[in-house]
Amino acid sequence: MSRFGGRVVLVTGSSSGIGYATAEAFLEEGAKVAITGRDAARLKRAEKALKRLGKVFAIQGDVSVAADVKRIVTETTKSLGSIDVLVNNAGIYVNKPVEEFSEEEYDAVMDINLKGTFLCTKYVIPSMVRRKRGAIVNVASDSGLVGTAGSSVYCASKGGMVLFTKAVALDHAKDGIRVNAVCPGEVETPMLDRDAEASGLGYREYYKRLVAPIPMKRAAKPEEIAKAILFLASDEVPFMTGAALSVDGGATAQ
């Protein structure tokens, strides 16, 4: 038996990177998966690639907009059924000292990373409460556990996600709903590629400097983070809620 046979999973920000790898992993385990993103063309490509694995429903939307989130949840439920697992993965990263951050950049980071997590949870959880079951996994960051130089606003958004995870877990433990966070370190995603390009160092040199402080001396593959997400969402850990699981090659163990 597959671990998620017949279950409905919503993964936000799933047209590439960790989200795409997570959708792929859930499909391989028998789930029906809804994928979301703001870029319609990229979302369509992801849907086409994932259809080989099972039932996929792609729906465009912005997780920072309440009307979009309501529509995503409603249409996912109509197409696939009640949502059993929510993965709040959509996120953006801006690396600047606080004094160089514009108000617009601050709002964008907070709106996608933290408000998006709030909105998706708000609109998914009532059905879970009625059915007395469900799992939510929030994709935070090791930067939500420790400070990262040059990333104060990003750290604030991800630290907020970690404590939001813990508080919602306390609110709904009685309802049979488990809420956990995964906290990745550096991951080989398109976001890393963009940062490398912006650095002017070239990918090889940027990567070398990036992983130097990490005990395992490498970044994670998106598939490795996906495995941790599936673990937290699975029935293998029925007594685990309110946890923030580091998957960072030992970076925050130092």
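## Exposure and the positive patch

A residue counts as exposed when its relative accessible area is over 50%, as buried when that area is under 20%, and as partly exposed in between. The model discussed here is predicted. In it, R45 has a relative accessible area of 54%, so R45 falls in the exposed class.

R45 is part of helix α2, which covers residues 40-50. On the surface, R45 joins R38, R42 and R194 in a patch of positive charge.

## The negative patch

Which residues form the negative surface patch? They are E103, E104, D107 and D111. One of them, D107, sits in helix α4, which runs over residues 103-131.

Is D107 buried or exposed? D107 has 34% relative accessibility and therefore counts as partly exposed. That value is still enough for membership of the patch, because patch residues need over 30% relative accessible area and no salt bridge.

## S16 and its contacts

S16 is placed in the loop between strand β1 (8-11) and helix α1 (17-28). Its relative accessible area is 22%, so S16 is partly exposed.

Leaving aside residues up to four places away in sequence, S16 touches R42 and P190. R42 also belongs to the positive patch with R38, R45 and R194. The loop residue S16 thus has a contact with a member of that patch.

S16 and L43 are 27 residues apart along the chain, and their C-alpha atoms are separated by 8.4 Å.

Methods
Residues numbered from 1 in each chain as written. Predicted model: local features only at pLDDT ≥ 70, side-chain atom pairs only at ≥ 80, totals over all residues. Heavy atoms only, no water. Patch = residues over 30% accessible without salt bridge, like charges linked within 9 Å, V, L, I, M, F, W, Y side chains within 5 Å. Areas by Shrake-Rupley, 256 points an atom, 1.4 Å probe, with all protein chains shown as cover. Salt bridge = Lys/Arg side-chain N within 4 Å of Asp/Glu carboxyl O. Lys, Arg positive; Asp, Glu negative; His and termini not counted. Charge placed at Lys NZ, Arg CZ, Asp CG, Glu CD. Helix = DSSP H or I, 4+ residues; strand = E, 2+ residues; numbered from the N terminus. Buried < 20%, exposed > 50% of the residue type's maximum accessible area, 1.4 Å probe, protein only. Contact = heavy atoms within 4.5 Å.
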